[in-house]
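This report looks at the pockets of one protein model and at the packing of a pair of its helices. Please keep the sequence and the coordinates at hand while reading.

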Amino acid sequence: MSSSIGRFWRVLATGFSFALFGVGGVVLRVLVFPLLALCVHEPAAHQRAARGAVSMSFRAFVGVMRLLGVLRYEVRGLDKLDRKGQLILANHPTLIDTVFLIAFVPNADCIVKGALSTNPFMRGPIRAAGYIRNDRGPDLVGDGIASLRAGGNLIIFPEGTRTPPGSTATLKRGAANIAVRGLRAVTPVVIRCNPPTLGKGDRWWHVPPHQAHFRIDVLDDIAVDDFVRDASEVVAARRLTDCLQQLFMKESQHHA
């Protein structure tokens, strides 16, 4: 009986959390960002301030989910994210992976679906923070490199979409192309969720039988020097992608 009550509570709490997320996006667009525009006029400074506001709101959001008992989380190696111009590549098991990373990464930039720029709840944060849309075509790699050179910490999920539990992720080469052409080291981040929740195809009310536990591990940087030495950019990007695929598979299997 207590298990059923706990699960019912998590369904209610999850629904409340998602409603709160939507309301927060509207509040940022209608109140916070206009106030920032009045106070901060320099474009780059305004963008950093907007990203800071999004980061704080996302951290508050995951804090509320933890307080309500929807989930627990731990972040290991957080100090490795306290830098500028990092290329952060992570696996993508759940719907809120982006929220977690933006919550803990300073001056976070990310690549988002182009359709989200018209979403009434997300368009404010996306535009104010200057997140990169994935419908930029051939300009996408250049946009990513420019963000890194400007000091942004670029978050990318090389899988492109969530990978269902038990399935093998297939990484796309776009993130590796940014690393190779921009000559940037990669900071891998491994996200695990047990039991699985908010995965590909899951509805928000499909809560697991027990409270979900998120563990986020920030690994050591991977330098691109060995990949680009005596190799074309195409070959180097393929090698780096293969390396990342093996790394994510190994980490997932090791802690399965």
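What follows takes up the two pockets and then the helix pair, for a model that is predicted.

The largest pocket has a volume of about 1100 Å³, and among the 39 residues that line this pocket, His92, Thr98, Val112, Lys113 and Leu116 are the closest to its centre. At least two lining residues each come from helices H1 (2-39), H2 (43-67), H3 (97-104), H5 (139-149) and H6 (174-182), as well as from strands E3 (108-112) and E5 (153-156).

The second largest pocket holds about 770 Å³ of space; its lining comprises 30 residues, of which Asn91, Pro93, Pro165, Gly166 and Ser252 lie closest to the centre. Two or more residues of this lining are given by each of strand E6 (186-194), strand E7 (212-218) and helix H8 (233-254), and H8 provides the largest share, 5 residues.

The linings divide by residue class as follows.

| Pocket lining | Nonpolar | Polar | Charged |
|---|---|---|---|
| Largest pocket | 24 residues | 10 residues | 5 residues |
| Second largest pocket | 11 residues | 15 residues | 4 residues |

H2 and H3, which both contribute to the lining of the largest pocket, pack with their axes 7 Å apart and at an angle of about 120 degrees, and the two helices are therefore oblique to each other. Their crossing is left-handed. On the H2 side, the contact involves Val54, Ser55, Phe58, Arg59, Phe61 and Val62, which meet Val99, Phe100, Ile102, Ala103 and Phe104 of H3; by class, this contact has 9 nonpolar, 1 polar and 1 charged residues.

Definitions and conventions: Residues are numbered from 1 along each chain as its sequence is written. This is a predicted model: local features need pLDDT of at least 70, side-chain atom pairs count only at pLDDT 80 or more; totals for chains, interfaces and linings use all residues. Side-chain values use heavy atoms; hydrogens and water are left out. On a 1 Å grid over the protein atoms alone, a cavity is a set of points where a 1.4 Å probe fits but cannot get out, and a pocket is an open set with protein on both sides within 12 Å along at least five of seven lines; lining residues have an atom within 4 Å of a point. Grid points are joined across faces, edges and corners, and a volume is the space filled by probe spheres set on the points. Helices (H or I, at least four residues) and strands (E, at least two) are DSSP runs, numbered from the N terminus. Ala, Val, Leu, Ile, Met, Phe, Trp, Tyr, Cys and Pro count as nonpolar, Asp, Glu, Lys and Arg as charged, and the others, Gly among them, as polar. Axes are lines fitted to C-alpha atoms, for helices over the stretch in contact, and angles run from 0 to 180 degrees between N-to-C directions. Angles under 35 degrees count as roughly parallel, over 145 as roughly antiparallel, 65 to 115 as roughly perpendicular and the rest as oblique. A crossing is left-handed if the near helix is turned anticlockwise from the far one by less than a right angle, and right-handed if clockwise. Contact means heavy atoms within 4.5 Å.
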